[in-house]
Amino acid sequence: MSFQKLDELGHRLEALEHAIAILGADEATHMAVGGGEKRAEALASLAGLYHRQATAPEIADWIAAAESEALNDDQAAALREFKRQHTNLTCLPADFVERQTAARLRCEQLWRDLRAKNDWAGFLPALEGVVALVREEAAMRAEALGLQPYDALMEQYDPGNRAAEIAPVFAKLKAFLKDFVPEALAVQEERLAKRPLKKLTGSYAVEKQRELGLAMMAAVGFDLTHGSLSVSHHPFCGGVPSDVRITTRYRTGEFLSALMGVLHESGHALYEQNLPKEWSHWPLGKARGMAVHESQSLFVEKQVGRNPAFWRWALPVVEKHLGEAWTLEDMLPHVHHVERGLIRVDADEVTYPLHVILRFELEQDIVAGRLEAADIPEAWDAGMRAYLGLSTIDNPADGPMQDVHWSGGAFGYFPSYTLGAMMAAQQWAALVKDHPAADADLAAGDLTAINGWRREKIWSQGSRWSTPELIERATGEKLEAGHFIRHLKQRYGKS
C-alpha cells in the first residue's frame, strides 16, 4: 500500500528531524564557540539529506496512489496534510536548502557575538546574504503556490495567513493602541501615586531563579521527564516532543523577566508534549502553525502567568525559592507594569503588539526589495519613533539586531506573535465560559481542568484543521481582535 510507504517514510524523516532539532538546541545553548563552523556543516548536510528524502520523485506517485486507497478519517486527514507539506517542500531544490541553512547558521552565530558589541557594520554582510536567499526562496515558493512572495513565506509558519487579511486587523489594533497606551500609562501613574511601587531588592542568584522556574514549569503541567531548562542568548523552545528543550536568560537584578520567559516557553512546550503521539511521524501530528503555537505560550504567560489569581498561589512559591515575602498588592504593579521600551521580548502586553506590527511592516518591504538590509536601522528608528516615541538610531543592538529571527532567515514569522495573543485571549474567554471556576483553580495552583480543556480543544488536534477552523471549533467563533482588546482594557484600562 502506498499509504504504508508514506508511513515508513515518516518514521525515517522523524529520525532526521530529531537529530536536527537536538543538534540545533545544543548549538544554541552548550556548544563551544569554536564548534560553530563544523556544526553548521553538519546541520546543513542533515537538512539537505532530509530535504532529498522528503522530496524524492516517487513520493508524488505514492500520494496519488494513496488517495485512491480505502483510508479511515485519521489516515485521510494525515494524507491531506502530508500532501500540503510535500507541495511546500518540493518548491526548493536540495542544494538551495543546504546553502540557505549554512548561511542562516553562520549569520546566527555572528549575531550572538556581534549583537553584544553593537556591531551592525560587521553583521551587515552576513544579513545581506540571508536576505538575498530569503528573496530567492520567496520567489520560488510564490511561483509554486500561486501566492504573493511574502504570503508564500508566511505560509510556512502559519498556513492560511495572508498579508491582505492581516494588515487591516493590525491597522485596527494599532489605532486602538495609539490612544490606549497613554491611557494605560496614566492609569498606572495614578495607581502608583496612591501606592508607591515596592522595589525589588536586586539580588537574585541565577541558581535560585532556575529552581523557581523549574517549580513553575511543573506547576503549569510541564513534564520534566521529557524536557529540560537551559540558558541561551534568546529564550526559545526547541528539541522534539519527547525531549523538549526550553531556555531563558537571567538577570540578577530582577527575576520577573526570566520567570515570564520560562512560563512563555513552557506554554510552547506543553503544546509539543501533548500533540497526538500516534501521528508524531506525520505532519498531522505536528503543531498547526506558529500563531497557534504562540497562542499556547501566551496563554500560559499572559492569561495564566499575569493573572492575579495565579499570583495568589505563586507568591508563597516565590518566597520559598527567593526568600522574599510579597503581598499581592506589592507584586501586581510589577507583573502588570506598562512601559514604552526598546526590547520586544521584555515588552508588556499593551506595547508588545506595536513591536510586532513594526517588524511585520518592515519585513514586507525587505522581501519585496523596497528596503535593503543596509537601510534597516533608519527605517526601524522611524517606526519606533512613530509607534513608541523611542529612538534606536545609534543602538542597533537594541534595534534591528535584538531578535534572532532575521539572522535565521525567519521572515513571515513575526505576525504570529500578535495573532497568537488574540487567539490566547479568545481561548481564555471560551474556557471561562465552559469552566467558570478557572480563576479559583489558578488560585489553588491547580491547572488540571484548564489544561484538560486545552488538550481537548487544541493540543490533541495537531494539524487536523486549518488555523481558522481550529480556533472556531475551540472557541465557537471566528478569530477576532475584540477579546484581546477587552482583555487589555479590563487589565490595564480605567476602571
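Leu298, Lys302, Gln303, Glu349, Tyr352, Pro353, Tyr417, Thr418, Ala421, Ala424 and Phe484 form the lining of the largest cavity. Here a cavity is a set of points, on a 1 Å grid over the protein atoms alone, where a 1.4 Å probe fits but cannot get out, and lining residues have an atom within 4 Å of a point. The model is a predicted one, so local features need pLDDT of at least 70 and side-chain atom pairs count only at pLDDT 80 or more, while totals for chains, interfaces and linings use all residues. Numbering runs from 1 along each chain as its sequence is written, and side-chain values use heavy atoms, with hydrogens and water left out.

The largest cavity holds about 100 Å³ of space, a volume being the space filled by probe spheres set on grid points that are joined across faces, edges and corners. Three helices, H11 (290–304), H14 (352–368) and H16 (415–434), each put at least two residues into its lining; helices (H or I, at least four residues) and strands (E, at least two) are DSSP runs numbered from the N terminus. H16 has the largest share, with four residues. Sorted by class, the lining of the largest cavity comes out as seven nonpolar, two polar and two charged residues. For this sorting, Ala, Val, Leu, Ile, Met, Phe, Trp, Tyr, Cys and Pro are nonpolar, Asp, Glu, Lys and Arg are charged, and the others, Gly among them, are polar.

In total, the structure has five cavities of 30 Å³ or more. The second largest offers about 50 Å³, and around it sit Leu9, Leu13, Ala54, Phe82, Gln85, His86, Leu89 and Pro283. Two elements give two or more residues to this lining, namely helix H1 (2–29) and helix H4 (73–89). H4 supplies four residues, the largest share. No charged residues turn up in the lining of the second largest cavity, which has six nonpolar and two polar ones.

Then there are the pockets, a pocket being an open set of points with protein on both sides within 12 Å along at least five of seven lines. The second largest pocket has a volume of about 430 Å³. Its lining runs to 21 residues, and Asn161, Glu165, Leu419, Pro468 and Leu479 are the ones nearest its centre. H16 shows up again here, alongside helix H8 (163–194) and helix H19 (467–475), each with at least two lining residues. H19 gives the most, five residues. The class split for the second largest pocket is 11 nonpolar, three polar and seven charged residues.

Zooming out, the protein chain has 20 helices and three strands. Its radius of gyration is 22 Å, close to the 23 Å that the globule rule gives for 495 residues, so the chain is as compact as a globular protein of that length; the radius is taken over C-alpha atoms, and the rule is 2.2 Å times the number of residues to the power 0.38. The C-alpha trace spans about 70 × 50 × 45 Å along its principal axes. Of the 495 residues, 55% are buried, meaning under 20% relative accessible area, with exposed over 50% and partly exposed in between (1.4 Å probe, protein chains only).

One backbone oddity is Asn118, which has a positive phi of about 60° although it is not a glycine. Asn118 sits in the loop between helix H5 (94–116) and helix H6 (120–145), and its 31% relative accessibility makes it partly exposed.
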